[in-house]
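Please open the model in a viewer and keep the selection panel at hand. The tour proceeds by selections, each followed by a description of what is found there.

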Amino acid sequence: MSSATQRETRGFQTEVKQLLRLMIHSLYSNREIFLRELISNASDACDKRRFEAVAGASGDTPADLFIQVRCDKEAKTLTVTDTGIGMTRQDVVEHLGTIAKSGTADFLSKLSGDQQKDSQLIGQFGVGFYSAFTVADRVEVFTRHAGAVATQGVHWESDGSGEFTVENAELSEVGTQVVLHLKDDALDFSDSWRLRSLIKRYSDHIGFAIKMPKQSTADDGKSEVAVTEELETINSAQALWTRSRNELKDEDYVEFYKHVSHDFAAPISWSHNKVEGKREYTTLLYLPGRAPFDLWSRDAVRGLKLYVKRVFILDDAEQFLPMYLRFVKGVVDSSDLPLNVSRELLQSDSEIEAMRAGIARKVLEMLARLAKEETDKYAVFWKEFGQVIKEGIAEDTANRERIAKLLRFASTHTEREEQDQSLDDYLARQKSGQKQIFYVIADTWNTARQSPHLERLRAKGIEVLLLTDRVDEWMMSYLGEYEGKTFQDVSRADLDLGDLLTAEEKAADEKGTEAALALCGRLREALSGRVDAVRSTQRLADSPACLVLNADEYGAQMRKLMEATGQKLPEKRPTLEINATHPLLQRLEGLADEDQFKELASLLLDQAILAEGGQLAEPAEFVKRLNRLLFAKA
Ligand code: ADP
Ligand code: MG
């Protein structure tokens, strides 16, 4: 040991040696992240120095805190300098010679030697400072702790193979300088443009300025680059989401949205939250103003930009959003996740699941607020993304009630095609004694609103929701109930108006059913092979007949969805319900001629199919039958 510089050589802790060996191979394809790690450390050091200066702990005066990145092609070096807290000699030996994390040995013992698997594991472990050795065959650190004098500086050096040296050095500035002597296959990291783009990409929102020597292209027309001593800041140097809400203007949020979403238009709304407690993270979540063209594409990129402590980690981290909120854009910045967190880890981590649940709640809260306070904006949102939100009824059972509150429907109450009525609106208008929320599903709003199935409800002034989105039948099968009311498809055989009918009405219905028994039997005979059953109904007012589905049968939408996925469904024969008091049925009842009866019965069935927007199996037959009838009358 030299007495002047007190030079000493020490061995790395066993775990560090192991980690170094594994890392150099397993991170090879992704080694550019070393820069992010070094800048992150520099930023941490600046954070600490700022904190200590503010807290007055080190007696240090607040310094100009920034990070500098320099490269030298000839010397084959890359240098990252910060004006942060620096390290004492003891710090250096501890931090750059051991791994402080508990469970390190245990973790390393799990590594299999399989490079691919190990690189993922190392990713979740966090490689930090040692990642410098993926691009450098020699690393030097010059550091002076805040509060130490110039002669108390420290020089650390290692080739990463097992040992390092430390010695005293005279350093004029507080802070740390990390010098990487680049490997021959890593010389691209001595290219200034490459470094700039990496800084932009990974460290743009580091809260401190990251500076590089200014480059000016010479005037002589050649693109010779001259390096000046002047520095310029490469990053934007302020993480927007880390600033407090009240110091940010709407324009700031809108500009940042455009940056993260690559959308030209402004967002509808946003929500900026800091979550504290067991997990700490900040989210800045945006609702876009319009649906992207690939909203329905399975492989569309989605998700949030993930930062850990303001350091960019991943674009499109889809693990932070449930599928039905895939249109949300923004940032999540975690204080707890390791910097090297990988996509693979995100997929299987219970912490991430908890964060996803928290983020979903924030989005739902934002939507609820919008729905309540800014109905115009909510209407825009619903038009663009309503169908996606509907998926949440099936996907997110924990929030089903909250999502149900966000649903908007067309209804017989408004007679408008706009989906702008909430379930709460419906309940506020329900009749006394009404235990169900009635709805009908059809391909179009017009078909839905003219559906024979809701004639009697209409006549009694009972509101029916008109559902026309292709996911509606599927969604309703998950919805079950809302505020204690069950949902009732009015085209189902089990429609029961219960207490909405008076005692007299019920008695009359029963009498009618009995009286029609014989007619129903005749019709069934005449239509055998085409219908499953025929019975009389009270759901009709003006129409002579309609088709109904059993409660557990797939409707037209579900059949379409399932057929689209290649499933073969058994052919179904409908149940025909008749309005026995209708003149057409009365005429049928009086017909003695069996052929004529059959002809009319067929027309009755075809009409019922057409009235609900269905397709006839033999349209030409229908036309012939109709014409025969028209000529017979003439
Ligand atoms: P982590 O950042 O997760 O703690 P690293 O391996 O990146 O792990 O760094 C190890 C430690 O070395 C840091 O915690 C810090 O104490 C010290 N260190 C590294 N770089 C610097 C720096 N530029 N300034 C001050 N301390 C540093
Ligand atoms: Mg680090």
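The stops below visit a ligand site, a five-stranded sheet, a pair of helices and a three-stranded sheet.

This is a predicted model, in which local features need pLDDT of at least 70 and side-chain atom pairs count only at pLDDT 80 or more, while totals for chains, interfaces and linings use all residues. Residues are numbered from 1 along each chain as its sequence is written, chains are lettered from A and ligands numbered from 1 in the order in which they are written, and side-chain values use heavy atoms, with hydrogens and water left out.

**The ligand site**

Select ligand 1 first. Its surroundings (residues with a heavy atom within 4 Å) are Asn41, Ala45, Asp82, Met87, His95, Leu96, Gly128, Phe129 and Thr176. Next, display Asp82, where a polar side-chain atom lies 2.9 Å from a nitrogen atom of the ligand. At Thr176, a polar side-chain atom is 3.3 Å from a ligand nitrogen atom. At Phe129, turn to the backbone: one of its polar atoms is 2.9 Å from an oxygen atom of ligand 1.

**The five-stranded sheet**

Now select the strands β15, β17, β16, β19 and β18, which form an open sheet in that order with mixed pairing. Strands here are DSSP runs (E, at least two residues), helices are runs of H or I of at least four residues, and both are numbered from the N terminus; two strands pair if DSSP finds at least two bridges between them. The edges are β15 (410-411) and β18 (481-482); each has a single partner strand, so one side of each is left without a neighbour in the sheet. Within the sheet, β16 (residues 436-441) and β17 (residues 464-467) run parallel and are joined by four bridges. Ile441 has Leu467 of β17 as its bridge partner.

**Helices α15 and α10**

Add α15, which lies across β16, β17, β18 and β19 (485-489) and runs at about 160° to β16. Angles run from 0 to 180 degrees between N-to-C directions, with axes fitted to C-alpha atoms, for helices over the stretch in contact. Then add α10 (residues 375-395): its axis and that of α15 (residues 472-479) come within 8 Å and cross at roughly 35°. In contact (heavy atoms within 4.5 Å) are Lys390, Glu391, Ile393 and Ala394 of α10 with Asp472, Trp474, Met475, Tyr478 and Leu479 of α15.

**The three-stranded sheet**

Finally, select β20, β22 and β21, an open sheet in that order with mixed pairing. Which strands stand at the edges? They are β20 (533-536) and β21 (545-548). β20 pairs with β22 (residues 575-578) in the parallel sense over four bridges, and Ser536 has Ile578 as its bridge partner in β22. Helix α17 (residues 517-526) packs on this sheet, touching β20 and β22, and its direction makes about 155° with that of β20.

Note on methods
A polar contact is a pair of N or O atoms within 3.5 Å; within protein, one must be able to donate a hydrogen and the other to accept it, and residues adjacent in sequence count only if both atoms are side-chain atoms.
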